[in-house]
Amino acid sequence: MEDEKKLIQFQQKIDQDIKIEPRDWMPEKYRQTLIRQISQHAHSEIIGMQPEGNWLTRAPSLRSKKILMAKIQDEAGHGLYLYCAAETLGIKREQFLQWLHEGKAKYSSVFNYPTLTWADMGAVGWLVDGAAIVNQVSLQGTSYGPYARAMVKICMEESFHQRQGFEIMVQLANGTKEQKEMAQDAVNRWWWPSIMMFGPHDSESAHSNQSLKWKIKRESNDELRQRFIDKTIEQGHHLGLIFPDPNLKLNPETNHYDYSPIDWDEFWNVVKGNGAGNRQRLNHHIKAHEDGKWVREAAIAYAKKSNLKQKSA
Ligand code: FAQ
(Lines give C-alpha, C1' and ligand atoms only; values in the text may rest on other atoms or scores of the structure.)
Protein backbone atom coordinates (compact mmCIF):
# COMPACT_ATOMS: atom_id res chain seq x y z
CA MET A 1 0.00 0.00 0.00
CA GLU A 2 2.77 2.35 1.05
CA ASP A 3 4.65 1.73 -2.20
CA GLU A 4 1.52 2.18 -4.29
CA LYS A 5 0.92 5.57 -2.70
CA LYS A 6 4.54 6.51 -3.35
CA LEU A 7 4.22 5.36 -6.94
CA ILE A 8 1.18 7.58 -7.53
CA GLN A 9 2.97 10.59 -5.98
CA PHE A 10 6.05 9.81 -8.06
CA GLN A 11 4.03 9.77 -11.30
CA GLN A 12 2.32 13.03 -10.28
CA LYS A 13 5.74 14.67 -9.92
CA ILE A 14 6.76 13.38 -13.34
CA ASP A 15 3.52 14.60 -14.90
CA GLN A 16 4.12 18.06 -13.42
CA ASP A 17 7.67 18.10 -14.87
CA ILE A 18 9.28 18.21 -11.43
CA LYS A 19 12.78 16.75 -11.63
CA ILE A 20 13.60 13.61 -9.66
CA GLU A 21 16.76 14.05 -7.60
CA PRO A 22 19.09 11.34 -6.20
CA ARG A 23 17.66 11.43 -2.66
CA ASP A 24 14.02 11.28 -3.80
CA TRP A 25 12.05 8.07 -3.65
CA MET A 26 11.90 6.36 -7.03
CA PRO A 27 10.61 2.99 -8.25
CA GLU A 28 13.38 0.42 -8.52
CA LYS A 29 12.65 -0.07 -12.24
CA TYR A 30 13.05 3.68 -12.84
CA ARG A 31 16.45 3.54 -11.12
CA GLN A 32 17.52 0.45 -13.09
CA THR A 33 16.44 2.00 -16.41
CA LEU A 34 18.46 5.11 -15.67
CA ILE A 35 21.49 3.08 -14.62
CA ARG A 36 21.31 1.17 -17.91
CA GLN A 37 20.70 4.14 -20.18
CA ILE A 38 23.07 6.68 -18.59
CA SER A 39 25.95 4.22 -18.24
CA GLN A 40 25.49 3.03 -21.84
CA HIS A 41 25.45 6.64 -22.91
CA ALA A 42 28.70 7.25 -20.98
CA HIS A 43 30.35 4.17 -22.50
CA SER A 44 29.38 5.44 -25.97
CA GLU A 45 31.13 8.74 -25.36
CA ILE A 46 34.30 6.98 -24.21
CA ILE A 47 34.38 4.22 -26.84
CA GLY A 48 33.46 6.87 -29.43
CA MET A 49 36.88 8.45 -28.86
CA GLN A 50 38.58 5.47 -30.51
CA PRO A 51 37.48 5.84 -34.16
CA GLU A 52 38.46 9.52 -34.01
CA GLY A 53 41.70 8.96 -32.09
CA ASN A 54 42.65 6.78 -35.05
CA TRP A 55 43.06 9.99 -37.12
CA LEU A 56 44.93 12.23 -34.66
CA THR A 57 48.35 11.39 -36.06
CA ARG A 58 47.18 11.76 -39.66
CA ALA A 59 45.02 14.89 -39.57
CA PRO A 60 46.03 16.87 -42.69
CA SER A 61 46.98 20.14 -40.94
CA LEU A 62 47.96 21.41 -37.49
CA ARG A 63 44.65 23.29 -37.35
CA SER A 64 42.59 20.18 -38.05
CA LYS A 65 44.70 18.16 -35.59
CA LYS A 66 44.15 20.74 -32.86
CA ILE A 67 40.39 20.83 -33.46
CA LEU A 68 40.12 17.04 -33.53
CA MET A 69 42.09 16.80 -30.27
CA ALA A 70 39.73 19.29 -28.63
CA LYS A 71 36.72 17.32 -29.84
CA ILE A 72 38.04 14.02 -28.51
CA GLN A 73 38.88 15.66 -25.20
CA ASP A 74 35.29 16.91 -25.01
CA GLU A 75 34.00 13.36 -25.51
CA ALA A 76 36.07 12.24 -22.51
CA GLY A 77 34.47 15.05 -20.51
CA HIS A 78 31.00 13.94 -21.63
CA GLY A 79 31.77 10.42 -20.47
CA LEU A 80 32.82 11.81 -17.08
CA TYR A 81 29.68 13.93 -16.59
CA LEU A 82 27.56 10.93 -17.48
CA TYR A 83 29.42 8.46 -15.24
CA CYS A 84 29.03 11.00 -12.41
CA ALA A 85 25.29 11.30 -13.12
CA ALA A 86 24.97 7.49 -13.14
CA GLU A 87 26.96 7.17 -9.89
CA THR A 88 24.30 9.25 -8.09
CA LEU A 89 22.10 6.15 -8.50
CA GLY A 90 24.32 4.23 -6.09
CA ILE A 91 26.62 2.31 -8.43
CA LYS A 92 30.39 2.73 -8.45
CA ARG A 93 32.37 3.64 -11.59
CA GLU A 94 34.38 0.42 -11.35
CA GLN A 95 31.15 -1.59 -11.56
CA PHE A 96 30.02 0.23 -14.72
CA LEU A 97 33.34 -0.56 -16.35
CA GLN A 98 33.17 -4.19 -15.29
CA TRP A 99 29.73 -4.52 -16.92
CA LEU A 100 31.12 -2.97 -20.09
CA HIS A 101 34.13 -5.29 -20.15
CA GLU A 102 31.96 -8.36 -19.49
CA GLY A 103 29.67 -7.39 -22.38
CA LYS A 104 26.71 -6.81 -20.02
CA ALA A 105 26.50 -3.11 -20.83
CA LYS A 106 26.21 -1.79 -24.35
CA TYR A 107 27.56 1.24 -26.17
CA SER A 108 26.28 2.80 -29.38
CA SER A 109 26.38 0.48 -32.40
CA VAL A 110 27.80 3.27 -34.57
CA PHE A 111 31.25 3.15 -32.96
CA ASN A 112 31.90 -0.34 -34.26
CA TYR A 113 32.40 0.91 -37.82
CA PRO A 114 35.94 1.72 -39.02
CA THR A 115 37.13 5.23 -39.91
CA LEU A 116 38.99 4.59 -43.15
CA THR A 117 39.72 8.05 -44.55
CA TRP A 118 39.96 11.66 -43.39
CA ALA A 119 36.48 12.20 -44.86
CA ASP A 120 35.21 9.83 -42.16
CA MET A 121 36.18 12.48 -39.59
CA GLY A 122 33.85 14.81 -41.46
CA ALA A 123 31.05 12.25 -41.72
CA VAL A 124 31.33 11.25 -38.04
CA GLY A 125 31.13 14.87 -36.89
CA TRP A 126 28.36 15.80 -39.32
CA LEU A 127 26.23 12.64 -39.15
CA VAL A 128 27.09 10.81 -35.91
CA ASP A 129 27.35 13.94 -33.75
CA GLY A 130 24.40 15.35 -35.68
CA ALA A 131 22.30 12.32 -34.72
CA ALA A 132 23.62 12.41 -31.14
CA ILE A 133 22.59 16.07 -30.80
CA VAL A 134 19.02 15.45 -31.92
CA ASN A 135 18.74 12.72 -29.28
CA GLN A 136 20.52 14.71 -26.58
CA VAL A 137 18.64 17.97 -27.06
CA SER A 138 15.50 15.96 -26.37
CA LEU A 139 17.15 14.37 -23.30
CA GLN A 140 17.78 17.82 -21.77
CA GLY A 141 14.17 17.48 -20.67
CA THR A 142 14.65 14.05 -19.08
CA SER A 143 13.02 13.63 -15.67
CA TYR A 144 16.17 12.72 -13.70
CA GLY A 145 17.90 15.93 -12.55
CA PRO A 146 21.59 14.93 -12.78
CA TYR A 147 21.10 13.42 -16.26
CA ALA A 148 19.19 16.49 -17.53
CA ARG A 149 21.88 18.87 -16.24
CA ALA A 150 24.70 16.83 -17.79
CA MET A 151 22.83 16.94 -21.10
CA VAL A 152 22.65 20.75 -21.12
CA LYS A 153 26.43 21.06 -20.90
CA ILE A 154 27.03 18.25 -23.38
CA CYS A 155 24.67 19.72 -25.99
CA MET A 156 26.55 23.01 -26.06
CA GLU A 157 29.76 21.17 -26.94
CA GLU A 158 28.14 18.75 -29.38
CA SER A 159 26.99 21.57 -31.64
CA PHE A 160 30.63 22.59 -32.06
CA HIS A 161 31.44 18.95 -32.93
CA GLN A 162 28.77 18.81 -35.60
CA ARG A 163 30.16 21.97 -37.19
CA GLN A 164 33.71 20.58 -37.07
CA GLY A 165 32.50 17.62 -39.14
CA PHE A 166 30.43 19.73 -41.50
CA GLU A 167 33.40 22.03 -42.15
CA ILE A 168 35.50 19.05 -43.24
CA MET A 169 32.68 17.90 -45.54
CA VAL A 170 32.35 21.39 -47.08
CA GLN A 171 36.10 21.48 -47.78
CA LEU A 172 36.15 18.03 -49.37
CA ALA A 173 32.89 18.43 -51.28
CA ASN A 174 34.26 21.62 -52.85
CA GLY A 175 37.76 20.24 -53.39
CA THR A 176 39.32 18.11 -56.11
CA LYS A 177 37.47 15.27 -57.85
CA GLU A 178 39.23 12.77 -55.54
CA GLN A 179 38.30 14.73 -52.43
CA LYS A 180 34.66 14.87 -53.47
CA GLU A 181 34.70 11.12 -54.12
CA MET A 182 36.18 10.56 -50.67
CA ALA A 183 33.40 12.64 -49.09
CA GLN A 184 30.75 10.73 -51.05
CA ASP A 185 32.24 7.39 -50.02
CA ALA A 186 32.14 8.44 -46.35
CA VAL A 187 28.46 9.43 -46.65
CA ASN A 188 27.73 6.08 -48.31
CA ARG A 189 29.24 4.22 -45.35
CA TRP A 190 28.04 6.41 -42.44
CA TRP A 191 24.47 7.26 -43.45
CA TRP A 192 22.77 4.02 -42.43
CA PRO A 193 24.77 3.46 -39.20
CA SER A 194 23.79 7.03 -38.15
CA ILE A 195 20.10 6.30 -38.82
CA MET A 196 20.40 3.12 -36.76
CA MET A 197 21.81 5.00 -33.74
CA PHE A 198 18.25 5.94 -32.74
CA GLY A 199 17.52 2.31 -31.97
CA PRO A 200 14.76 -0.05 -33.13
CA HIS A 201 11.43 1.19 -34.49
CA ASP A 202 8.97 2.23 -31.78
CA SER A 203 6.91 -0.93 -32.28
CA GLU A 204 10.04 -3.03 -31.52
CA SER A 205 11.53 -0.87 -28.77
CA ALA A 206 11.42 -2.85 -25.52
CA HIS A 207 11.89 0.09 -23.15
CA SER A 208 10.22 3.03 -24.89
CA ASN A 209 6.69 2.85 -23.49
CA GLN A 210 7.74 2.86 -19.85
CA SER A 211 10.60 5.30 -20.44
CA LEU A 212 8.25 7.76 -22.14
CA LYS A 213 5.72 7.44 -19.31
CA TRP A 214 8.46 8.22 -16.79
CA LYS A 215 9.84 10.94 -19.09
CA ILE A 216 13.28 9.36 -19.06
CA LYS A 217 12.86 9.58 -22.83
CA ARG A 218 10.91 12.61 -24.05
CA GLU A 219 10.44 11.51 -27.64
CA SER A 220 10.37 8.13 -29.32
CA ASN A 221 13.16 6.54 -31.37
CA ASP A 222 11.24 7.06 -34.63
CA GLU A 223 10.31 10.67 -33.90
CA LEU A 224 13.95 11.56 -33.26
CA ARG A 225 15.19 9.57 -36.26
CA GLN A 226 12.72 11.40 -38.53
CA ARG A 227 13.82 14.80 -37.19
CA PHE A 228 17.45 13.95 -37.88
CA ILE A 229 16.70 12.75 -41.42
CA ASP A 230 14.60 15.82 -42.28
CA LYS A 231 17.22 18.32 -41.17
CA THR A 232 20.24 16.43 -42.52
CA ILE A 233 18.89 15.95 -46.06
CA GLU A 234 18.87 19.72 -46.58
CA GLN A 235 22.50 19.93 -45.43
CA GLY A 236 23.46 17.11 -47.82
CA HIS A 237 21.89 19.00 -50.72
CA HIS A 238 23.97 22.03 -49.79
CA LEU A 239 27.10 19.85 -50.01
CA GLY A 240 26.05 18.38 -53.34
CA LEU A 241 26.42 14.85 -51.94
CA ILE A 242 24.00 11.98 -52.52
CA PHE A 243 22.53 9.88 -49.71
CA PRO A 244 22.68 6.11 -50.33
CA ASP A 245 18.90 5.70 -50.33
CA PRO A 246 16.92 5.95 -53.59
CA ASN A 247 13.63 6.24 -51.66
CA LEU A 248 14.59 9.35 -49.74
CA LYS A 249 11.78 11.68 -50.87
CA LEU A 250 9.83 14.47 -49.28
CA ASN A 251 6.30 13.24 -48.68
CA PRO A 252 3.96 16.20 -49.36
CA GLU A 253 1.27 14.70 -47.11
CA THR A 254 3.42 14.30 -44.00
CA ASN A 255 5.97 16.99 -44.89
CA HIS A 256 8.67 14.52 -43.80
CA TYR A 257 11.19 12.53 -45.83
CA ASP A 258 10.26 8.91 -46.53
CA TYR A 259 13.15 6.45 -46.39
CA SER A 260 13.88 2.82 -47.28
CA PRO A 261 13.50 -0.02 -44.78
CA ILE A 262 16.40 -0.18 -42.32
CA ASP A 263 18.57 -3.30 -42.33
CA TRP A 264 17.80 -4.46 -38.78
CA ASP A 265 19.75 -7.68 -39.24
CA GLU A 266 22.88 -5.59 -39.61
CA PHE A 267 21.94 -3.45 -36.59
CA TRP A 268 21.37 -6.43 -34.26
CA ASN A 269 24.46 -8.18 -35.56
CA VAL A 270 26.55 -5.16 -34.55
CA VAL A 271 24.72 -4.71 -31.22
CA LYS A 272 25.36 -8.36 -30.39
CA GLY A 273 29.10 -7.87 -30.80
CA ASN A 274 29.72 -9.07 -34.36
CA GLY A 275 30.37 -5.76 -36.14
CA ALA A 276 33.67 -4.93 -37.84
CA GLY A 277 35.11 -3.17 -34.79
CA ASN A 278 33.42 -4.61 -31.68
CA ARG A 279 36.26 -6.82 -30.51
CA GLN A 280 38.94 -4.24 -31.27
CA ARG A 281 37.06 -1.43 -29.45
CA LEU A 282 36.43 -3.47 -26.33
CA ASN A 283 39.90 -5.05 -26.18
CA HIS A 284 41.46 -1.62 -26.55
CA HIS A 285 39.35 -0.26 -23.70
CA ILE A 286 40.19 -3.21 -21.44
CA LYS A 287 43.92 -2.85 -22.15
CA ALA A 288 43.90 0.92 -21.55
CA HIS A 289 42.01 0.37 -18.29
CA GLU A 290 44.49 -2.25 -17.10
CA ASP A 291 47.52 -0.19 -18.18
CA GLY A 292 46.13 2.79 -16.27
CA LYS A 293 45.63 0.87 -13.01
CA TRP A 294 48.85 2.18 -11.45
CA VAL A 295 47.89 5.77 -12.29
CA ARG A 296 44.53 5.39 -10.53
CA GLU A 297 46.20 3.79 -7.52
CA ALA A 298 48.85 6.52 -7.35
CA ALA A 299 46.17 9.25 -7.61
CA ILE A 300 44.14 7.68 -4.77
CA ALA A 301 47.25 7.27 -2.59
CA TYR A 302 48.21 10.90 -3.26
CA ALA A 303 44.69 12.13 -2.42
CA LYS A 304 44.69 10.13 0.82
CA LYS A 305 48.11 11.47 1.80
CA SER A 306 47.20 15.10 1.14
CA ASN A 307 43.92 14.64 3.06
CA LEU A 308 45.88 13.36 6.06
CA LYS A 309 48.27 16.32 5.80
CA GLN A 310 45.37 18.79 5.70
CA LYS A 311 43.77 17.17 8.75
CA SER A 312 46.96 17.29 10.81
CA ALA A 313 47.73 20.92 9.79
N1 FAQ B 1 23.42 0.81 -30.16
O2 FAQ B 1 14.11 -0.35 -26.16
P3 FAQ B 1 15.18 0.38 -26.88
C4 FAQ B 1 27.50 10.10 -29.16
C5 FAQ B 1 19.61 -1.34 -27.52
S6 FAQ B 1 26.55 9.53 -27.89
C7 FAQ B 1 23.46 -0.21 -29.29
O8 FAQ B 1 14.75 1.38 -27.89
P9 FAQ B 1 16.17 2.48 -25.14
C10 FAQ B 1 28.45 11.24 -28.96
C11 FAQ B 1 19.08 -0.81 -26.20
O12 FAQ B 1 20.14 -0.48 -25.32
C13 FAQ B 1 25.67 8.17 -28.62
N14 FAQ B 1 22.37 -0.67 -28.64
O15 FAQ B 1 16.19 1.03 -25.81
C16 FAQ B 1 29.69 11.00 -29.72
C17 FAQ B 1 18.25 -1.98 -25.73
O18 FAQ B 1 19.10 -3.01 -25.23
P19 FAQ B 1 19.27 -3.30 -23.61
C20 FAQ B 1 24.96 7.43 -27.60
C21 FAQ B 1 21.20 -0.05 -28.90
O22 FAQ B 1 17.27 2.54 -24.16
C23 FAQ B 1 29.78 11.32 -31.06
C24 FAQ B 1 17.67 -2.53 -27.03
O25 FAQ B 1 18.53 -2.06 -28.08
N26 FAQ B 1 23.74 8.13 -27.23
O27 FAQ B 1 27.35 9.58 -30.20
C28 FAQ B 1 21.11 1.04 -29.78
O29 FAQ B 1 14.80 2.82 -24.69
C30 FAQ B 1 30.97 11.11 -31.77
C31 FAQ B 1 16.24 -2.06 -27.26
O32 FAQ B 1 16.17 -0.67 -27.59
C33 FAQ B 1 22.98 7.65 -26.24
O34 FAQ B 1 23.25 6.64 -25.64
C35 FAQ B 1 22.28 1.46 -30.43
N36 FAQ B 1 22.28 2.47 -31.31
O37 FAQ B 1 16.51 3.46 -26.38
C38 FAQ B 1 30.81 10.51 -29.07
C39 FAQ B 1 21.75 8.48 -25.93
N40 FAQ B 1 19.81 1.44 -29.82
O41 FAQ B 1 19.86 -2.06 -23.02
C42 FAQ B 1 32.01 10.31 -29.77
C43 FAQ B 1 21.03 7.97 -24.70
C44 FAQ B 1 19.13 0.62 -28.99
O45 FAQ B 1 17.88 -3.60 -23.09
C46 FAQ B 1 32.08 10.62 -31.12
N47 FAQ B 1 20.32 6.75 -24.95
N48 FAQ B 1 19.96 -0.25 -28.44
O49 FAQ B 1 20.21 -4.46 -23.55
C50 FAQ B 1 19.08 6.71 -25.51
O51 FAQ B 1 18.50 7.72 -25.89
C52 FAQ B 1 18.43 5.36 -25.62
O53 FAQ B 1 19.09 4.47 -24.77
C54 FAQ B 1 18.41 4.78 -27.08
C55 FAQ B 1 17.78 3.38 -27.04
C56 FAQ B 1 17.58 5.67 -27.98
C57 FAQ B 1 19.82 4.65 -27.65
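**Note on the ligand shell, the cysteines and S143**

1. In this predicted model, five helices each supply at least two residues of the shell around the ligand, namely α2 (28–47), α4 (62–87), α6 (118–139), α7 (145–173) and α11 (264–274). Among these helices, α2 gives the most to the shell, with 6 residues.

2. The ligand has 34 residues around it, and of these K106, S205, H207, K217 and N221 come nearest. Sorted by class, the shell is made up of 13 nonpolar, 12 polar and 9 charged residues, and a student may find it useful to locate the five nearest residues, K106, S205, H207, K217 and N221, in the structure before turning to the single contacts.

3. Three polar contacts of the ligand can be followed atom by atom. An N or O atom in the side chain of S205, which is also listed with the nearest residues, lies 2.8 Å from an oxygen atom of the ligand. In the case of S109, a polar backbone atom is 2.9 Å from a nitrogen atom of the ligand, whereas with Q40 an N or O atom in the side chain is 3.1 Å from an oxygen atom of the ligand. As for how much of the ligand is covered, the ligand taken alone exposes 1,100 Å², and the protein buries 91% of that.

4. How many disulfides does the structure hold? The number is 0, and for C84 the nearest cysteine sulfur, that of C155, is 17 Å away. Because a pair of cysteine sulfur atoms counts as a disulfide when they are within 2.5 Å, C84 is in no disulfide, and C155, whose nearest cysteine sulfur is that of C84, is in no disulfide either.

5. Is C84 buried, partly exposed or exposed? With a relative accessibility of 40%, C84 counts as partly exposed, since that class lies between the limit of under 20% for buried and the limit of over 50% for exposed. C155, by contrast, has a relative accessible area of 9% and is therefore buried.

6. S143 deserves a separate look, and it is found in the loop between α6 and α7, two helices that also supply residues to the shell around the ligand. Although S143 sits in a loop, this residue is buried, because its relative accessible area is 6%. Leaving aside residues up to four places away in sequence, S143 touches I14, K19, I20, Y30, W214, K215 and I216. With one of these residues, W214, there is a polar contact as well, in which the backbone oxygen of W214 lies 2.8 Å from a polar atom of the side chain of S143.

Definitions and conventions. Residues are numbered from 1 along each chain as its sequence is written. This is a predicted model: local features need pLDDT of at least 70, side-chain atom pairs count only at pLDDT 80 or more; totals for chains, interfaces and linings use all residues. Side-chain values use heavy atoms; hydrogens and water are left out. A residue is near a molecule or strand if one of its heavy atoms lies within 4 Å of it. A polar contact is a pair of N or O atoms within 3.5 Å; within protein, one must be able to donate a hydrogen and the other to accept it, and residues adjacent in sequence count only if both atoms are side-chain atoms. Accessible areas come from the Shrake-Rupley method with a 1.4 Å probe; for residues, only the protein chains shown count as cover. Helices (H or I, at least four residues) and strands (E, at least two) are DSSP runs, numbered from the N terminus. Ala, Val, Leu, Ile, Met, Phe, Trp, Tyr, Cys and Pro count as nonpolar, Asp, Glu, Lys and Arg as charged, and the others, Gly among them, as polar. Buried means under 20% relative accessible area, exposed over 50%, partly exposed in between (1.4 Å probe, protein chains only). Contact means heavy atoms within 4.5 Å.
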